[in-house]
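This report describes the domain arrangement, the ligand site and some backbone details of one protein chain. The sequence and structure are shown first, and the text then begins with the ligand.

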Amino acid sequence: MPVKYDLIVIGAGPGGYETAAGAAARGLRVMLAERDALGGTCLNRGCIPTKCLCAAAGKIIEIAGASDFGVEAMLEKADYGFARRRATAVMDELRGGVADMLKDVDVVYGEASVAAGRRVLVGDTVYEADKVIIATGSKPAPLKCAGGERAVDSDVFLALDTLPERLTIVGGGVIGLEFASVAAAFGTEVTVLEYCSEILPNFDPEIARRLRTYLGRRGIDIVVGAEVTEIKEDNTVVYSRKGKEKAVESDMVLCAVGRRPVVPAGCAEAGIELDRRGFIVTDDNMETTASGIYAIGDVNGRCLLAHAASAQGRVVLGMKPWLDLIPSVVFTIPECASVSLGTAGTLSAKLPYGANGKALASGMAEGIVKIEYQPESGAMTACHAIGAHASDLVAAALPAIKTGMDVRSMSEDVIYAHPTLSELLSQVCAQISS
Ligand code: NAD
């Protein structure tokens with residue numbers, strides 16, 4: 001006889017554990033299956049450790065810039081191994097927090113597979129539920145070129161205790177650039193090879209171009225339009241650009257060319273369809289082609305972000321989060337952030353951070369904030385930013401965009417404290433409505 005639950009969740013990443021805890025808080029009997037550590041990619045191999053390393057990199061950059069304030073400081077030592085161990089301690093603490101969140105959930109450790117009839121198998125035990133949620137995430141995509149297996153992926157890179165002297169990163173997307181930013185701060189000579197004509201191909205092009213300039217100023221060599229053809233035994237990366245073959249010598253190659261879904265066994269037999277890239281097909285309720293079985297997070301390929309996974313879980317629990325307005329942040333130094341309704345035919349306006357008192361006073365003048373708005377109504381449709389605390393700026397604009405606030409109201413009615421970076425939002429809108 002199967003063990004019965006109201007809800008079974010497979011995968012304890014942010015999508016899985018938040019949804020499981022949320023369902024239990026609503027009084028449902030919940031089982032959560034996990035084959036590894038609680039927290040998934042985000043906590044163990046993604047967002048959290050990289051943010052710890054990014055914070056350490058920020059300290060190094062701050063010391064380097066201290067003389068701008070008349071403060072003479074010398075960087076004596078930047079111990080990457082220490083930063084890495086600090087990340088482990090932070091991850092351990094957060095994992096404890098996740099375990100506490102799951103106190104009313106039955107967590108079953110082991111490899112889970114799905115079966116028809118909303119059944120889940122872990123070891124020899126068969127479980128059955130009214131609803132099953134697959135939240136099994138994704139893994140790094142391999143590099144398809146001669147010697148591609150010589151490149152390490154982000155999982156391997158994050159486990160390093162020392163950084164190489166020369167690092168070549170294949171892929172100028174979010175992962176590649178976040179690692180480039182950290183490694184360069186610790187003194188590694190970094191080259192980024194990006195296939196497309198600009199880094200961050202899914203971001204606002206002006207923000208991406210500026211990021212390339214800013215990272216270039218920090219000594220990171222970014223080559224766009226580069227097609228990697230081979231990684232040689234000595235880690236020399238061969239690529240072609242504008243029809244010419246070039247090579248970059250390195251001690252290590254990091255592959256950051258996207259991620260692939262991790263799909264549990266049994267999906268085909270259970271009637272769960274995959275798309276041509278291997279992601280699980282879902283409808284707007286996150287339900288798969290098998291009735292009562294849902295897929296949330298990276299595994300459905302809709303939006304590979306932790307907060308998107310959690311929000312999709314809330315959809316399965318009957319809530320209506322704003323899935324049309326998911327913010328995205330790149331934690332480089334400086335940060336990039338964006339939130340957009342994706343509306344066509346909009347106008348835009350931008351303002352440099354240097355126009356803001358707080359930014360100038362604090363030595364944070366590098367950056368811009370950009371607003372998109374509808375020409376007739378003036379309703380804001382997007383906010384993009386690059387610069388210090390860009391993620392917080394964009395977060396401040398998000399509810400205003402969702403509620404259709406117009407640029408006049410943003411500049412005249414909303415009162416932001418002075419002097420704060422948030423004033424950049426009213427400043428840029430004032431420029432439009434004047
Ligand atoms: P990505 O899709 O963001 O970027 C991959 C980049 O590699 C692209 O720019 C692509 O053009 C380039 N590329 C692909 N093949 C290439 C090749 N052969 N040679 C050179 N360039 C090549 O993928 P990612 O950076 O690996 O990140 C994976 C996912 O994880 C993304 O969806 C990302 O949003 C998510 N993520 C988010 C965050 C965050 O929110 N801060 C952090 C890390 C990862």
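How far from a nitrogen atom of the ligand does a backbone N or O atom of Val329 lie? The distance is 2.8 Å. This value, like the others in this report, was computed from a predicted model.

**Ligand site**

The ligand is surrounded by 22 residues. The closest are Ile175, Glu178, Glu194, Gly258 and Val329. Three polar contacts of the ligand are set out below; one of them involves the side chain of Glu194, while Tyr195 takes part through a polar backbone atom and Val329 through a backbone N or O atom.

| Residue | Part of the residue | Ligand atom | Distance |
|---|---|---|---|
| Glu194 | side-chain N or O atom | oxygen | 2.6 Å |
| Tyr195 | polar backbone atom | nitrogen | 3.1 Å |
| Val329 | backbone N or O atom | nitrogen | 2.8 Å |

**Domains and their interface**

The domain assignment of the protein gives domain 1 as residues 3–139 + 260–316, domain 2 as 148–257 and domain 3 as 334–433. Domain 1 is thus written as two segments, with domain 2 numbered between them. Taken over C-alpha atoms, the centres of domain 1 and domain 2 are 27 Å apart. To the contact between these two domains, domain 1 contributes 17 residues and domain 2 contributes 14 residues.

Between domain 1 and domain 2, about 1,300 Å² of area is buried, and carbon and sulfur atoms give 69% of this area. On the side of domain 1, the residues that lose the most area to domain 2 are Arg45, Tyr80 and Arg84, which together account for 42% of what that side buries.

Two salt bridges are counted between domain 1 and domain 2. Arg45 also appears in a salt bridge with Asp155, in which the closest N and O atoms are 3.9 Å apart. In addition, three residue pairs are in polar contact across the interface of domain 1 and domain 2.

Which helices each supply at least two residues of the side of domain 1 that touches domain 2? They are helix H3 (47–65) and helix H4 (80–101). H3 gives the largest share of that side, with nine residues. Sorted by class, the side of domain 1 that touches domain 2 comprises 10 nonpolar, three polar and four charged residues.

**Backbone details**

Two cis peptide bonds may be noted. The bond from Ile333 to Pro334 is cis, with omega near 5 degrees, and Pro334 belongs to the loop between strand E17 (328–330) and strand E18 (335–340). The bond from His418 to Pro419 is likewise cis, with omega near -5 degrees; Pro419 is placed in the loop between helix H11 (407–412) and helix H12 (423–433).

Leu200, a residue other than glycine, has a positive phi near 45 degrees. Leu200 lies in the loop between strand E9 (189–194) and helix H7 (205–217).

Technical notes:
Residues numbered from 1 in each chain as written. Predicted model: local features only at pLDDT ≥ 70, side-chain atom pairs only at ≥ 80, totals over all residues. Heavy atoms only, no water. Domains from an automatic or database assignment. Contact = heavy atoms within 4.5 Å. Buried area = accessible area lost by both parts, 1.4 Å probe. Salt bridge = Lys/Arg side-chain N within 4 Å of Asp/Glu carboxyl O. Polar contact = N/O pair within 3.5 Å; in protein donor to acceptor, adjacent residues only side chain to side chain. Helix = DSSP H or I, 4+ residues; strand = E, 2+ residues; numbered from the N terminus. Nonpolar A, V, L, I, M, F, W, Y, C, P; charged D, E, K, R; others polar. Near = heavy atom within 4 Å.
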